[in-house]
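Please examine the sequence and the model below before reading on. The paragraphs that follow lead from one residue to the sheet around which the account is arranged, and then to a hairpin and a pocket.

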Amino acid sequence: MNVLVCVKRVPMTGGRIVLTPDEQAIETRHLGFTISPHEECGVEEAVRIVEREGGAVTVLTLGVADAEEQLRDAMAIGADRGVLLETDGEEWEPGETARAIVEAVERDRAGGTAYDLLVFGNESADAGNFQVGIRVAYALGLPVVTGLKGLAVENGRARCEREVPGGREVVDVALPAVVTVKEGINLPRYPSVPGRLRAKKKPLDVVRPDRAATEAARLQKVRLHVPEGQGKEAVVLGHGPAAAPAVAEVIRQLGLAP
């Protein structure tokens, strides 16, 4: 059972997002990085499948050289090999990203490694395009099931569950296949110290994909924009004993008092 998990290096959430002066990118000098929450669950799910079924997990990312850190983190929790499709740091649009991943999959197939399952996060935490997994499946001629909250693999088939109003929808699909998973499908484990030490010795392939082939089809980005936050609001109910009636009314409105 060979599983490929595709991840993306993204800024950690919770920090203040600042743009570069030309409004073409996020200023990353003071940001920490991780992989998207959906993709953390994707790595964990792949490792669990291989622990049950045997085989190997390969984790792949397209990004700057520093993205090796995220690949090593994935290998520290059980992935066997990393593939870095190294770029200059400029954001690639979904079609370009999918093409580079397809080329990597076909290159591995030519080298004797065919993947039974390709796992993506449902969407990245930064761009949120939702497209890459679907585009890869289409290019490879594979079935794709998106938005999974449950996944079981047995006897060459995958049982895929996704949430729908009133319950869960179950899709049974033959392997090889592509799936996109959502946060909550599992609880990802933390890398251990021995795991991090082992990860340093695991193989990591670095490939520099050619972007020129899709130059004509590239969308023209005008600028980025960070919406203004709504801020925090507070209402002063009163001062001293005079505020007691207003406080009592709020408690009644909340249903905390008769």
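Two residues are said to be in contact when heavy atoms of theirs lie within 4.5 Å. The model shown here is a predicted one. With this definition, consider threonine 97, which is found in helix 3. Apart from its neighbours within four places in sequence, threonine 97 is in contact with Leu62, Trp92 and Val132. Is threonine 97 buried or exposed? A residue counts as buried when its relative accessible area is under 20%. Threonine 97 has a relative accessibility of 14%, and therefore it counts as buried.

The next element to consider is the sheet. Seven strands form an open sheet, with parallel pairing, and their order is 7-11-6-1-4-5-12. Strand 7 (144–148) and strand 12 (204–207) stand at the edges; each has a single partner strand, so one side of each is left without a neighbour in the sheet. On average, neighbouring strands of this sheet are turned by 20° against each other, if direction is ignored. At one edge, strand 7 pairs with strand 11 (residues 177–181) in the parallel sense over three bridges. Leucine 148 has valine 181 of strand 11 as its bridge partner.

Helices accompany this sheet. Helix 3, comprising residues 94–110, packs on the sheet and touches strand 1 (2–7), strand 4 (56–63), strand 5 (81–86), strand 6 (117–121) and strand 12. The direction of helix 3 makes about 135° with that of strand 5. Helix 4 (residues 132–140) lies across strand 6, strand 7 and strand 11, and runs at about 155° to strand 6.

A further pair of strands shows the opposite sense of pairing. Strand 9 (residues 157–164) and strand 10 (residues 167–174) pair in the antiparallel sense over eight bridges. Within this pair, arginine 159 has aspartate 172 of strand 10 as its bridge partner. The two strands, 9 and 10, form a hairpin with two residues between them, and glycine 166 in the turn has a positive phi of about 90°.

Finally, consider empty space. The second largest pocket holds about 400 Å³ of space. Of the 17 residues that line this pocket, Glu40, Pro188, Arg189, Tyr190 and Pro191 are the closest to its centre. Strand 3 (33–35), helix 1 (37–53) and helix 2 (68–76) are the elements that give two or more residues to the lining. Which element provides the largest share of the lining? Helix 1 does, with four residues. By character, the lining divides into nine nonpolar, three polar and five charged residues.

Notes: Residues are numbered from 1 along each chain as its sequence is written. This is a predicted model: local features need pLDDT of at least 70, side-chain atom pairs count only at pLDDT 80 or more; totals for chains, interfaces and linings use all residues. Side-chain values use heavy atoms; hydrogens and water are left out. Two strands pair if DSSP finds at least two bridges between them. Axes are lines fitted to C-alpha atoms, for helices over the stretch in contact, and angles run from 0 to 180 degrees between N-to-C directions. On a 1 Å grid over the protein atoms alone, a cavity is a set of points where a 1.4 Å probe fits but cannot get out, and a pocket is an open set with protein on both sides within 12 Å along at least five of seven lines; lining residues have an atom within 4 Å of a point. Grid points are joined across faces, edges and corners, and a volume is the space filled by probe spheres set on the points. Ala, Val, Leu, Ile, Met, Phe, Trp, Tyr, Cys and Pro count as nonpolar, Asp, Glu, Lys and Arg as charged, and the others, Gly among them, as polar. Buried means under 20% relative accessible area, exposed over 50%, partly exposed in between (1.4 Å probe, protein chains only).
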